[in-house]
Amino acid sequence: MTDVVIAGSGPTGLTLACDLARRGAAVRVIEQRRAPHRESRGKGLDAASLQVLEPLGIAERMAATGSGVITLRKYFDGAHVRDTEVVGGLLIGQWRVEEVLRERLSEWGVNVEYGARLTGIDQNGSGLSAHLADGAVVRGRYLAGCDGGHSTVRELLGIPFGGSTAEEEVMALGDVTAPGLSREFWHQWFSSDGGGVLMCPIPGTEIFQFQASRELDEQGEPLPPSLESFQRLFDRHARVPGIRLGQATWLSAWRSNVRMASRLREGRVLLAGDAAHVHPIAGGLGMNTGIRDAVALGRALAAALGGPAGDRFLDTYESERLPVAAALLEDTAERMERVLAAVREPGRGTEAGLDRPAAD
Ligand SMILES: Cc1cc2nc3c(=O)[nH]c(=O)nc-3n(C[C@H](O)[C@H](O)[C@H](O)COP(=O)(O)OP(=O)(O)OC[C@H]3O[C@@H](n4cnc5c(N)ncnc54)[C@H](O)[C@@H]3O)c2cc1C
């Protein structure tokens with residue numbers, strides 16, 4: 001029997017696995033994907049995450065790929081209006097954060113088990129069985145549901161995920177190349193019609209993360225994300241002739257979800273990261289909050305593994321992190337409104353969603 005079964009190998013599950021492994025606990029990480037993804041997604045570690053990741057000994061590896069400074073270059077109706085420098089965190093693709101965590105985890109002798117989809121959980125006073133889609137059973141003393149916004153663990157436990165989901169996907173999102181476009185800046189083009197395109201260079205790659213208002217068809221319905229649609233959006237808002245987007249390694253669309261779990265614990269099973277809370281992307285707090293949940297849960301599980309007296313720390317985890325999740329939902333909804341209002345004015349951009357006003 002392992003100490004902790006971790007469902008999900010996103011940033012939350014991998015951080016938890018590393019934290020427990022460094023404390024000497026036995027962990028198994030089960031992941032439904034067949035292989036790691038290479039999507040930029042949450043593309044920044046903030047200063048607080050860098051601090052909590054310090055004990056894992058991966059800061060140098062992260063810094064070797066990431067960038068500590070990013071200049072936001074804002075344009076309005078195609079004209080360059082202002083540059084804003086943002087410091088204090090690390091710009092880095094989410095896939096690379098996960099890769100560094102996986103490398104570190106393997107140094108403790110733990111490798112992610114791919115193609116392992118959790119479908120059921122039985123628990124009793126002394127442990128639990130995690131049932132996988134292929135019929136295999138993984139036994140553990142505790143299970144951490146780090147399995148994202150559509151969490152199977154949360155569903156299996158019957159934990160409500162209250163809140164709201166926007167009716168429409170509001171943003172096209174993906175990873176593309178753009179030969180000829182300067183990689184010195186996070187380009188943010190906004191138009192007086194209310195639309196816009198953002199192109200953020202992902203360090204250590206040729207990729208830009210593409211974000212844009214959706215392209216609509218004649219009936220006003222959003223077109224599915226495609227490289228052709230991304231190019232039309234780029235041409236319309238950026239108005240930079242001669243730039244051809246290419247090599248779309250990720251094409252997606254994003255809709256706002258503002259939801260949180262009503263509890264984080266059911267006996268020997270706990271929730272963390274997106275499985276526990278989802279919220280608007282303004283401020284880039286999704287991956288970062290998941291990492292902080294994971295570190296808090298690692299501490300609590302280590303105490304619980306130490307003996308029955310430690311069990312109360314699992315309740316402490318819930319009582320500490322639930323208010324954080326509630327505040328996060330409120331905070332990010334407010335940040336999103338700030339960003340949406342700001343970008344209607346020339347020279348403003350996503351910095352409006354950050355904690356502190358960035359220096360121009
Ligand atoms: C399309 C998209 C765009 C985003 N853009 C941004 C952004 O710009 N900025 C930002 O800060 N955040 C962004 N996020 C959010 C950020 O990526 C998440 O907050 C972060 O990934 C949460 O990490 P996690 O480990 O909790 O969950 P996830 O990264 O979702 O990882 C969950 C893992 O669990 C696995 N899993 C699911 N079900 C099972 C099962 N039954 N059995 C086994 N494994 C399972 C999944 O395959 C996945 O690997 C975006 C997310 C998405 C989906």
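Here is a short back-and-forth about this predicted model.

Me: How far apart do the C-alpha centres of domain 1 and domain 2 lie?
Reply: Start with the bounds: the domain assignment gives domain 1 as 2–39 + 94–166 + 257–335 and domain 2 as 171–255. Take the C-alpha centres of domain 1 and domain 2, and the separation comes out at 32 Å.

Me: How many residues of domain 2 are in contact with domain 1, and what divides up the domain 1 side?
Reply: On the domain 1 side, seven residues are in contact with domain 2. Those domain 1 residues divide into two nonpolar, two polar and three charged. Across from them, the count for domain 2 is six residues.

Me: Which helix gives the largest share of the largest nonpolar core?
Reply: That core has 88 residues, and Ile6, Ala17, Ala144, Ala272 and Leu297 have the most contacts inside it. The largest share is nine residues, and it comes from residues 286–305, that is, helix 7.

Me: Where does this core lie relative to domain 1 and domain 2?
Reply: Look at who contributes: domain 1 and domain 2 both give residues to the core. The core therefore lies between them.

Me: Which residues is Ala272 in contact with, leaving aside neighbours within four places in sequence?
Reply: Ala272 is among the residues with the most contacts inside the core, as are Ala144 and Leu297. With the sequence neighbours left out, its contacts are Thr12, Leu16, Ala144, Cys146, Gly290, Asp293, Ala294 and Leu297.

Me: Which elements give two or more residues to the shell around the ligand?
Reply: The ligand is surrounded by 32 residues, the closest being Gly8, Gly10, Gly148, Gly273 and Gly286. Domain 1 and domain 2 each supply at least three residues of that shell. The elements giving two or more are helix 1 (11–22), strand 14 (246–254) and helix 7.

Me: How many residues of the shell around the ligand are polar?
Reply: Sort the shell by class and you get ten nonpolar and seven charged residues. The polar class has 15.

Me: Which strands stand at the edges of the open sheet 9-15-18?
Reply: Three strands form this sheet, with antiparallel pairing, in the order 9-15-18. Each edge strand has a single partner, so one side of each is left without a neighbour in the sheet. The edges are strand 9 (161–165) and strand 18 (277–278).

Me: Which residue in strand 18 stands opposite Met260?
Reply: Strand 15 covers residues 257–261 and pairs with strand 18 in the antiparallel sense over two bridges. Opposite Met260, in strand 18, stands His277.

Notes: Residues numbered from 1 in each chain as written. Predicted model: local features only at pLDDT ≥ 70, side-chain atom pairs only at ≥ 80, totals over all residues. Domains from an automatic or database assignment. Contact = placed C-beta atoms within 7 Å. Nonpolar A, V, L, I, M, F, W, Y, C, P; charged D, E, K, R; others polar. Core = buried A, V, L, I, M, F, W, Y, C linked by C-beta atoms within 7 Å. Buried ≥ 20, exposed ≤ 12 C-beta atoms within 10 Å, placed from the backbone. Helix = DSSP H or I, 4+ residues; strand = E, 2+ residues; numbered from the N terminus. Near = placed C-beta within 6 Å. Pairing = 2+ DSSP bridges.
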